[in-house]
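Biologist: Let's go through this one together. Take me through it a bit at a time.

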Amino acid sequence: MFKKSVNKGMEKVKLFATWSSPFVKRIIWALKLKNIEHEIIYEDLANKSPELLKYNPIHKKVPVLVHNEIPICESLVILEYIDETWKDAPRPLLPKDPLDKANQRFWAKFSDDQVLPSFYGYIMKQGNEKEEAKETTLAHLKRVEQLLSEKKFLSGESVGFLDLVFGWLAENSRPLEVVTGLKLFDEDSFPNLCAWRDKFLEVPAIKESWPDQETLIAKYQEINLSKGK
Amino acid sequence: MVGSEVILLDFWPSMFGMRVRIALAEKGIEYDYKEQDLPDKSTLLLEMNPVHKKIPVLIHKGKPINESCIIVQYIDETWKDKSPLMPSDPYTRAQARFWADYVDKKVYDALTKSGTLKGEEQEKAKKEFIEILKVLEGQIGEKPYFMGESFGYADIALVTFYCWFYTFETLGNYSIEKECPKLIAWAKRCMQRESVSKTLPDSKKIYEFFMEMRSKLGL
């Protein structure tokens, strides 16, 4: 398959992406936080490029990070790869302590396996299923709220791995609220979560990434319109 | 909990628990094994894994670590002076993580469906499961283990399913060895390691456990 080559030349980093994938955005943020020059290739998932299929033959999905022609797939794997390869530039995404690391990995899995599916279930489903998804998501969010009880960011004093992993929630909650009218959490019930969302979106690397909040609203509205709602 | 620095909350037939037992054995770590009665979860289990209420849970110096793959990485990073379970360079580590993740996403559901579904659905499930195994077989290729010469994280993620193969082969009336001989050869190679052979229960014992559990559930 792909053999790792010793390349002392220029570091070439490509990211196969879509504008809407919550798993892609976290990689873009990581690359920006680490000041890694990169090229983004936006894919049309209905018409996947031969390159994407070559680099991710198993899952055929985005994101795929290609570093000097070598692909790495699965967003959580990519984040750890970036952190280990560009070690201190400017600071690590994951903590050094094994227990802290294990905890961040646990909550990262919680984000992707539990919170994200139930949140999007709440947005997309109808009737009883919508109500159930809402209750489940609220229960999950209460745990995240607790995680933030003594911390500025999910990763601690500064933005890190776990913030990038939960970043989809910070980034999409307000735009989706605007477009669908569905408000899942407010400042009164989730003060820590709302404060974290604001702080996260103000981090320069996050703020400067495309699409921004306004663009997201426009794009979500477009999707709604095209479905004839 | 008096005196025990490392405690494992586990359930003997769990392939996820077995991953942790193999990792602990590879590192030569002494620990206090606490068998959990799963229908009747202990206070300790509920306290140490309030989110998922599942085994395995590793308790180290009073602090819990949950999720089998996360626990294995924790063990490797904490007891780092002996028998590394992860490769040393970032790219190969990413590969090991990718394949362990692939096993987690695909193997459990596909394996169980191949034995528990009926008729045409079962045939479809068997085909799907064999395809998944062939992908894994392809990744191992001519190497002794997933990542090369050394037994490690990705091998641990998959090998614990080996003792469950007999159960689903019997229920599904098919032979995994016939379809994926190289994969079985890899599994047998892993079984030559004491950490694996002493951890994996006998396949027939697993089968008896599974059949008893199903009859209790009225299936």
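**Chat about the model**

Biologist: Does B:Lys126 count as buried or exposed?

Modeller: B:Lys126 counts as buried, because its relative accessibility is 12%. Buried means under 20% relative accessible area, exposed over 50%, and partly exposed in between, with a 1.4 Å probe and protein chains only. Keep in mind that this is a predicted model: local features need pLDDT of at least 70, side-chain atom pairs count only at pLDDT 80 or more, totals for chains, interfaces and linings use all residues, and side-chain values use heavy atoms, with hydrogens and water left out. Residues are numbered from 1 along each chain as its sequence is written, while chains are lettered from A and ligands numbered from 1 in the order in which they are written.

Biologist: Where is B:Lys126 found, and what does its side chain make a polar contact with?

Modeller: B:Lys126 is in helix α5 of chain B, residues 119-140 (helices are DSSP runs of H or I, at least four residues; strands are E runs of at least two; both are numbered from the N terminus). Its side chain makes a polar contact with that of B:Glu123 at 3.2 Å. That term is a pair of N or O atoms within 3.5 Å; within protein, one must be able to donate a hydrogen and the other to accept it, and residues adjacent in sequence count only if both atoms are side-chain atoms.

Biologist: Switching over, what about B:Gln73 in helix α3?

Modeller: B:Gln73 counts as buried, because its relative accessibility is 6%. The B:Gln73 side chain is in polar contact with the side chain of B:Arg97 at 3.1 Å. Leaving aside neighbours within four places in sequence, B:Gln73 is in contact with A:Arg105, B:Met86, B:Arg97 and B:Tyr153 (contact means heavy atoms within 4.5 Å).

Biologist: So there's a chain A residue in there. How many residues of each chain are in contact?

Modeller: 26 residues of chain A are in contact with 28 of chain B. About 2300 Å² is buried between the two chains, 67% of it on carbon and sulfur atoms; that is the accessible area (1.4 Å probe) that two parts lose on being put together, summed over both.

Biologist: How many salt bridges are there between chain A and chain B?

Modeller: Six, taking a salt bridge as a side-chain nitrogen of Lys or Arg within 4 Å of a carboxyl oxygen of Asp or Glu. One of them joins B:Arg93 and A:Glu84, with the closest N and O atoms 2.9 Å apart. On the chain A side, β4 (70-73), α3 (75-85) and α4 (98-124) each supply at least two of the residues that touch chain B. The largest share, 10 residues, comes from α4(A).

Biologist: Which salt bridge does B:Lys27 form?

Modeller: B:Lys27 pairs with B:Asp76, the closest N and O atoms being 2.9 Å apart. This pair links distant parts of the chain, 49 residues apart: B:Lys27 is in the loop between α1 (15-26) and β2 (32-35) of chain B, and B:Asp76 is in helix α3 of chain B. B:Lys27 counts as buried because its relative accessibility is 5%, and B:Asp76 because its value is 9%.

Biologist: And B:Asp101, what does that form a salt bridge with?

Modeller: B:Lys105, at 2.8 Å between the closest N and O atoms. The two are four residues apart in helix α4 (residues 90-116) of chain B, so about one helical turn separates them. B:Asp101 is partly exposed at 21%, and B:Lys105 is partly exposed at 44%.
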